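Here are some friendly notes to read alongside the model. Please keep the structure open while you go through the points.

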Protein chains: 2
Amino acid sequence: MMEITLDTKTPIYPIRTAAQLLGISVPTLRMYEKEGLIIPHKTDGNQRIYSEDDLERLRCIRRAINESKISINGIKTIYSLIPCWEVVKCSEEDRKICNAFQSHAQPCWTFNHPNTTCENRDCRDCEVYTEYSQCGSIKDLIKKISGIAT
Amino acid sequence: MMEITLDTKTPIYPIRTAAQLLGISVPTLRMYEKEGLIIPHKTDGNQRIYSEDDLERLRCIRRAINESKISINGIKTIYSLIPCWEVVKCSEEDRKICNAFQSHAQPCWTFNHPNTTCENRDCRDCEVYTEYSQCGSIKDLIKKISGIAT
DNA sequence: ATTAGTTGATACCCAGAAATATCAACTTTC
DNA sequence: GAAAGTTGATATTTCTGGGTATCAACTAAT
């Protein structure tokens with residue numbers, strides 16, 4: 001017998017397996033990544049590996065595309081509206097020079113953030129990326145920062 | 001000679017003229033309305049009339065669709081993220097029962113708001129509708145309500 | 001070192017969203 | 001009151017975004 005640790009954050013699925021579990025093709029998964037919708041782990045040999053959390057995020061994205069009929073650029077725009085500055089608590093100086101703070105076309109995690117508190121962070125582990133993959137939670141965050149009890 | 005008052009809010013263009021000025025067809029304009037992207041004025045005889053502001057809003061919508069490649073449902077979702085409660089300053093009781101406050105699929109002005117402060121308002125004149133037709137201003141509003149100097 | 005799977009890149013396909021056309025009934029204009 | 005324009009509704013067309021197939025070069029496993 002062996003002990004199995006179930007950690008939804010641990011990357012375990014190679015791209016082919018992930019694609020099969022989601023019912024889509026491998027190039028589609030690569031496309032989502034290129035568009036900045038997901039940030040999969042990579043092995044030392046530069047191969048993608050997906051965690052259970054990654055799959056859940058992807059299912060959410062697929063629902064947005066197939067059920068809610070939101071285009072990929074639409075999703076990117078919505079992600080760009082996440083008030084990341086409130087999540088990472090960056091300074092006013094950071095915000096002034098941050099490309100993500102200005103953008104309303106691409107998610108913050110698709111930028112590199114030179115000279116900000118995000119500079120050396122791994123966006124993949126950032127709450128902005130992990131917690132706000134669906135519209136409901138994004139709107140809830142906006143409610144929260146406006147000082148409202150939801 | 002006659003005095004001409006230029007008021008960008010006054011509805012003057014019938015639908016055919018508006019369509020021509022925008023370079024699109026009449027059914028398309030009706031479609032945008034049915035989708036909840038615009039709220040044109042109507043005459044007593046139920047005919048649509050568009051103001052200069054309406055045209056500007058429509059140009060913005062067209063850019064989102066044609067240049068930014070955001071689908072109509074994407075635009076609706078983005079509009080639904082506008083923190084309207086902060087603009088109209090509705091009460092906690094209002095928010096509790098407000099469909100728009102909950103939704104993240106349709107703009108608030110596509111709901112009727114029974115028993116709230118918005119109930120008897122004309123959404124067409126509401127700042128939520130008039131001021132936040134583009135992503136840039138929406139993100140600016142989110143920044144503002146999080147207490148940030150933009 | 002051979003087999004299986006991956007990489008990035010390019011070329012291709014097609015469902016369906018976006019836009020248009022068309023209709024009879026109605027409104028406005030002159 | 002006749003002509004021009006509009007209404008809502010439905011049917012039809014256009015076109016491209018989302019997805020796939022395929023490739024040679026690379027990585028991983030046994």
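1. Let's begin at the DNA. A polar side-chain atom of Tyr32(B) sits 2.7 Å from a phosphate oxygen of DNA strand C. That is a polar contact, meaning a pair of N or O atoms within 3.5 Å; within protein, one must be able to donate a hydrogen and the other to accept it, and residues adjacent in sequence count only if both atoms are side-chain atoms.

2. A word on the basis of these notes. This is a predicted model, in which local features need pLDDT of at least 70 and side-chain atom pairs count only at pLDDT 80 or more, while totals for chains, interfaces and linings use all residues. Residues are numbered from 1 along each chain as its sequence is written, chains are lettered from A and ligands numbered from 1 in the order in which they are written, and side-chain values use heavy atoms, with hydrogens and water left out.

3. Two further phosphate contacts are worth a look. An N or O atom in the side chain of Thr28(B) is 2.6 Å from a phosphate oxygen of DNA strand C. With Arg16(A), a polar backbone atom lies 3.3 Å from a phosphate oxygen of that strand.

4. Which residues come nearest to DNA strand C? They are Arg30(A), Arg48(A), Ser25(B), Thr28(B) and Arg62(B), out of 22 around the strand. Here, near means that a heavy atom of the residue lies within 4 Å. Of the strand's atoms that come within 4 Å of the protein, 79% belong to sugar and phosphate.

5. Both chains contribute helices (DSSP runs of H or I, at least four residues, numbered from the N terminus) to this surface. At least two residues each come from α1 (15-22) of chain A and from α2 (26-34) and α3 (52-66) of chain B. The largest share, four residues, is that of α2(B).

6. Away from the DNA contacts, have a look at Lys143(B), in helix α9 (residues 135-145) of chain B. Is its position buried or exposed? Lys143(B) has a relative accessible area of 2%, so it counts as buried (under 20%, with a 1.4 Å probe and protein chains only). A polar atom of the Lys143(B) side chain lies 2.9 Å from the backbone oxygen of Phe101(A).

Conventions: Buried < 20%, exposed > 50% of the residue type's maximum accessible area, 1.4 Å probe, protein only.
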